[in-house]
Amino acid sequence: MSVVKINVLTVPAEQRETLEKRFASRAHAVENSDGFEWFELLRPVEGTDTYLVYTRWRDEESFQAWMEGPMKSAHQGTGTGTGAGDGEERPKPAASGSTLWSFEVVQQAAPKNA
């Protein structure tokens, strides 16, 4: 059964563009991970400073393997596409807070004639 992970990011208005640019230049860091199924970055439109980062995985083990491998390396500056290498100062996070929500997919539907 697929699992969904939603990272809830609090992003001040002055950091929105920075956050979106960082995600755009992330060099498709998650797409080649075993068990990865889907990614979306959702921008708030109505009176909130909360972005949602939606990922869907084949199973919990696939997500955990990504967390302990490629994601951990990217956030420590040792992966590719992070913009930080040896001797470079890491940029400040664009988000001021983060919470991870986890769900199992119980039901799903696709458009008819898709």
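# A guided tour from helix α2 to the sheet

Begin by selecting Phe 63, which has its place in helix α2. The model on display is a predicted one.

**First stop: Phe 63.** Colour the residue by accessibility: Phe 63 is buried, with a relative accessible area of 4%. Next, show what surrounds Phe 63. With its neighbours within four places in sequence left aside, Phe 63 is in contact with Lys 5, Trp 57 and Leu 100. Add Val 4 to the selection and draw a distance between the C-alpha atoms. Phe 63 and Val 4 are 59 residues apart in sequence, and their C-alpha atoms are 9.2 Å apart in space.

**Second stop: the aromatic rings.** Remain in helix α2 and select Trp 66. Phe 63 and Trp 66 both lie in this helix, three residues apart, which is about one turn of the helix. Is Trp 66 buried or exposed? At 15% relative accessibility, Trp 66 counts as buried, because the limit for that class is under 20%. The ring centres of Phe 63 and Trp 66 are 6.1 Å apart and their planes stand at 40°, so this pair is tilted.

Now display the side chain of Trp 57, a buried residue with a relative accessible area of 0%. The structure holds five aromatic pairs. In one of them, the rings of Trp 57 and Trp 66 have their centres 5.4 Å apart and their planes at 35°, so that pair is tilted. Add Phe 36 to complete the view: ring pairs link Phe 36, Trp 57, Phe 63 and Trp 66 into a cluster.

**Third stop: Ser 62.** Select Ser 62, which also belongs to helix α2 (residues 60-76). Ser 62 is buried, with a relative accessible area of 5%. Apart from neighbours within four places in sequence, the contacts of Ser 62 are Asp 34, Gly 35 and Trp 57.

**Fourth stop: strand β3.** Select residues 50-57, which make up strand β3. How many of the eight residues of this strand are buried? Six are, and the strand is mostly covered. Strand β1 (residues 3-10) pairs with β3 in the antiparallel sense over eight bridges; within this pairing, Ile 6 stands opposite Tyr 54 of β3. Strand β2 (residues 36-42) pairs with β3 as well, in the antiparallel sense and over six bridges. Two positions to display here are Leu 41, whose bridge partner in β3 is Val 53, and Trp 38, which stands opposite Arg 56 in β3.

**Fifth stop: the whole sheet.** Show the four strands together. They form an open sheet in the order β2-β3-β1-β4, with antiparallel pairing. Strands β2 and β4 (97-104) stand at the edges, each with a single partner strand, so one side of each has no neighbour in the sheet. From one strand to the next, the twist averages 15°. Then add helix α1 (residues 16-24), which packs on the sheet and touches β1, β2 and β3. The direction of helix α1 makes about 20° with that of β3.

**Last stop: the full view.** Zoom out to the complete chain. The protein has two helices and four strands, and along the sequence they follow the pattern β-α-β-β-α-β. Of its 114 residues, 26% count as buried. Among contacts with a separation of 6 or more, 68% join residues 24 or more positions apart. Finally, switch on the surface: the protein exposes about 8,000 Å², of which carbon and sulfur atoms supply 52%.

Technical notes: Residues are numbered from 1 along each chain as its sequence is written. This is a predicted model: local features need pLDDT of at least 70, side-chain atom pairs count only at pLDDT 80 or more; totals for chains, interfaces and linings use all residues. Side-chain values use heavy atoms; hydrogens and water are left out. Buried means under 20% relative accessible area, exposed over 50%, partly exposed in between (1.4 Å probe, protein chains only). Two strands pair if DSSP finds at least two bridges between them. Axes are lines fitted to C-alpha atoms, for helices over the stretch in contact, and angles run from 0 to 180 degrees between N-to-C directions. Contact means heavy atoms within 4.5 Å. Accessible areas come from the Shrake-Rupley method with a 1.4 Å probe; for residues, only the protein chains shown count as cover. Rings of Phe, Tyr and Trp (its six-membered ring) pair if their centres lie within 6.5 Å; planes under 30 degrees apart count as stacked, over 60 as edge-to-face and the rest as tilted.
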